[in-house]
Amino acid sequence: MLLKATSLSLKNRLDLNGPGHHVTSTLAIPFRFHSTMTHQATVVTQAPRPLDAEQAQELRELFIAIGYSQQNLQELTYFTVPPPTDVVTEEQLQIRPTDQLQQYDISRLAILIRLFYFGMPVIHEVAITALGESLAQACIDAGMLAQTGDELVPKILIMPVDDLFMASDLQRMDLQDSLNYVPTLCEAAFNLHNTTVTGNFKSGLDLCSGFGLHAVAMQSQCQQVTATDLNPRAAEFAAFNAALNGQPPIEALTGNMLEPVADRTFDLIVSNPPFIINPDQITTYRFNPKPLDELFEVLIRSAHQHLNDGGVFQTIGEWVEFSGQDWEERLKTWTANSGCCVWVLTANRYLPSTYADIALRQSIVDEAQRLAEVARWESYFQAASVEAIHGGLIFMRRTTGNCWFETTKLSQALNQPVGKDVLEGFDVRELLNDEDWLIKIQSRKLVVADGLQQSEVSEWHLGRWKTTSIELATTSGLVVAMNVDQFVRTLLEQFDGVRTVDQAVKSFLTKCSLPEEAYEKGLHIASSMLKTGALRLHSEA
Ligand SMILES: C[S@@+](CC[C@H](N)C(=O)[O-])C[C@H]1O[C@@H](n2cnc3c(N)ncnc32)[C@H](O)[C@@H]1O
């Protein structure tokens with residue numbers, strides 16, 4: 001749910017998924033909503049043909065030299081993801097150079113932004129000043145640009161994501177819910193990308209791959225990568241994007257969910273499925289086509305069956321909370337007997353009316369029409385006894401040890417890679433879910449997380465300041481906030497990476513004049529601080 005057009009602030013919202021997925025605009029956008037859709041349009045543009053290795057390298061080098069990066073684009077355009085080409089305004093196309101970007105040739109960068117970020121035509125002669133003759137011709141030959149009169153008209157968008165350049169269909173309001181539409185980067189994709197666990201894997205699967213961001217990103221850490229999607233055009237974009245990024249071809253399969261890999265297993269499975277929960281059972285890149293969250297449930301129940309030992313399945317999505325039912329218990333039943341440890345990172349919980357409103361704001365501008373739709377969605381949720389809708393990430397790691405299920409509430413959006421932190425979180429939980437954890441933890445060395453922030457509130461009481469609350473928040477990795485008391489704060493201060501847990505807890509007892517019986521309590525507090533990330537395992541290296 002990422003809509004600048006609403007009163008919601010895009011930057012500070014903790015919303016990993018966004019039922020709207022990717023349309024982010026400062027504009028009020030008129031849109032014919034598809035609730036009663038009987039016919040879905042089709043994208044007729046052909047996916048581009050892969051560039052040869054030299055051309056791809058030349059284009060990447062040009063993008064890098066000119067400053068066509070995710071950060072620069074955001075800074076220049078104020079968009080995280082550009083608005084659809086059919087509603088973008090001339091005003092929005094104006095970029096605003098900042099001092100930090102002086103090192104770049106802004107006029108050339110502006111041309112590339114116009115072509116490949118906003119998907120707008122540029123006069124041929126002008127385009128050549130940015131691309132050069134031969135690269136412009138290569139783009140035309142590949143079907144990335146079309147010559148129309150004296151203009152070069154883009155056929156695709158190219159989104160920089162970290163050090164990758166990812167091509168997708170142009171964003172068009174009228175085509176975004178076509179069956180064969182290949183969407184560009186959305187907030188959910190970006191968050192999944194940022195949380196993708198790191199390591200050296202033999203095999204990786206990008207399930208519901210779309211333009212293949214996760215597949216291409218996985219190529220640097222998996223010997224063999226497979227991408228699957230219902231939409232055959234996704235396979236063509238995966239091929240194009242692998243080549244564009246100088247990677248070997250990806251095995252790209254077409255078919256329903258896990259069917260194309262029915263008899264195969266992987267070390268890493270990453271998925272951003274269509275998960276918006278809605279009353280209309282249509283198949284698009286974003287709407288869950290089954291009742292409520294059924295597609296997501298089936299995914300969670302089945303994907304882990306395709307994991308090798310120690311393998312990780314991770315997905316982003318949304319699930320419902322029924323009235324009178326604990327949603328965690330429901331998710332536990334989905335993952336029971338999976339042979340996996342399960343870690344759920346929750347980001348948001350919306351009441352149905354808010355959920356519907358945010359989702360629909362993305363596609364319906366007319367207030368009356370939107371409110372009518374919101375009411376229809378609300379009745380659907382009400383009839384199904386849905387109390388709220390949750391969004392977040394679910395990780396499952398196949399284990400031969402104890403299986404556990406834990407949830408953590410994130411307190412901030414993920415805007416940096418945290419794959420390593422996710423794995424550390426799994427290791428910590430593995431340690432703490434061991435039967436002998438109370439013994440095992442005593443010899444470990446812990447350290448307070450770098451950058452841990454403390455906010456203290458005090459009030460004047462009987463002639464002195466009295467602390468009423470202390471909040472700690474991690475500032476790197478998975479950002480989590482927690483309320484603690486002065487005892488916990490003092491305990492934390494004992495962990496310096498040199499003392500063992502045993503020594504640190506004993507030192508805390510002495511400092512606070514606490515009896516020996518409080519020792520085990522100290523171990524429990526240290527373990528929960530370890531889970532939040534306020535304390536981290538200290539590596540001897
Ligand atoms: C939200 S998009 C994600 C695309 C891309 N992985 C990303 O993260 O940007 C969901 C993708 O799932 C595909 N999809 C929809 N229904 C599917 C199904 N039943 N089986 C496989 N893929 C499906 C869509 O074509 C779309 O590419």
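Which strands does helix α14 lie across, and at about what angle does α14 run to β12? In this predicted model, α14 covers residues 419–432 and lies across β11, β12 and β13. Its direction runs at about 85° to that of β12, the strand spanning residues 386–398.

Those three strands belong to an open sheet of eight, so it helps to lay out the whole order, with strands taken as DSSP runs numbered from the N terminus. Going across the sheet, one meets β8, β7, β6, β9, β10, β12, β11 and finally β13, and the pairing is mixed. The two edges are β8, at residues 251–254, and β13, at residues 405–409; each of these pairs on one side only. From one strand to the next, the twist averages 20°.

At the β13 end of this sheet, the neighbour is β11, made of residues 340–350. β11 and β13 pair in the parallel sense, and five bridges hold the pairing in the count. One pair that can be picked out here is Thr346, which stands opposite Lys409 in β13.

Next comes the ligand. What surrounds it, and which residues are closest? There are 18 residues around the ligand, and the closest are Cys208, His214, Asp229, Asn256 and Met257. Two of these meet ligand nitrogen through the backbone: a polar backbone atom of Cys208 is 2.7 Å from a nitrogen atom of the ligand, and a polar backbone atom of Met257 is 2.8 Å from a nitrogen atom of the ligand. Asn272 uses its side chain instead, with a polar atom 2.9 Å from an oxygen atom of the ligand. How much of the ligand does the protein cover? On its own the ligand has 590 Å² of accessible area, and the protein covers 97% of that.

The UniProt record, an unreviewed entry, places the feature "domain: Methyltransferase small" at residues 200–316. Over that stretch the chain is 25% helix and 30% strand. The C-alpha atoms at its two ends are 22 Å apart.

Further along the chain there is another open sheet, this one built from three strands in the order β15-β16-β17, with antiparallel pairing. Its edge strands are β15, at 453–461, and β17, at 481–484, and each pairs on one side only. The twist here averages 25° from one strand to the next. Helix α16, residues 486–493, packs on this sheet and touches β15, β16 and β17, while its direction makes about 60° with that of β16.

The pairing can be followed strand by strand. Nine bridges link β15 with β16, residues 464–473, in the antiparallel sense. Gln453 stands opposite Ala473 in β16, and Val457 has Ser469 of β16 as its bridge partner. The hairpin made by β15 and β16 has two residues between the strands, and Leu462 in that hairpin takes a positive phi near 50°. On the other pairing, β16 and β17 run antiparallel and are joined by four bridges. There, Ile470 stands opposite Val484 in β17.

A further hairpin sits at lower residue numbers, formed by β2, residues 145–148, and β3, residues 151–154. Four bridges join these two strands, which run antiparallel. Ala146 stands opposite Val153 in β3. Which residue of this hairpin takes a positive phi? That residue is Gly149, with a phi near 60°, in a hairpin that has two residues between its strands.

Methods. Residues are numbered from 1 along each chain as its sequence is written. This is a predicted model: local features need pLDDT of at least 70, side-chain atom pairs count only at pLDDT 80 or more; totals for chains, interfaces and linings use all residues. Side-chain values use heavy atoms; hydrogens and water are left out. Two strands pair if DSSP finds at least two bridges between them. Axes are lines fitted to C-alpha atoms, for helices over the stretch in contact, and angles run from 0 to 180 degrees between N-to-C directions. Contact means heavy atoms within 4.5 Å. UniProt positions are given in the numbering used here, feature names are shortened, and annotations may be inferred rather than shown by experiment. A residue is near a molecule or strand if one of its heavy atoms lies within 4 Å of it. A polar contact is a pair of N or O atoms within 3.5 Å; within protein, one must be able to donate a hydrogen and the other to accept it, and residues adjacent in sequence count only if both atoms are side-chain atoms. Accessible areas come from the Shrake-Rupley method with a 1.4 Å probe; for residues, only the protein chains shown count as cover.
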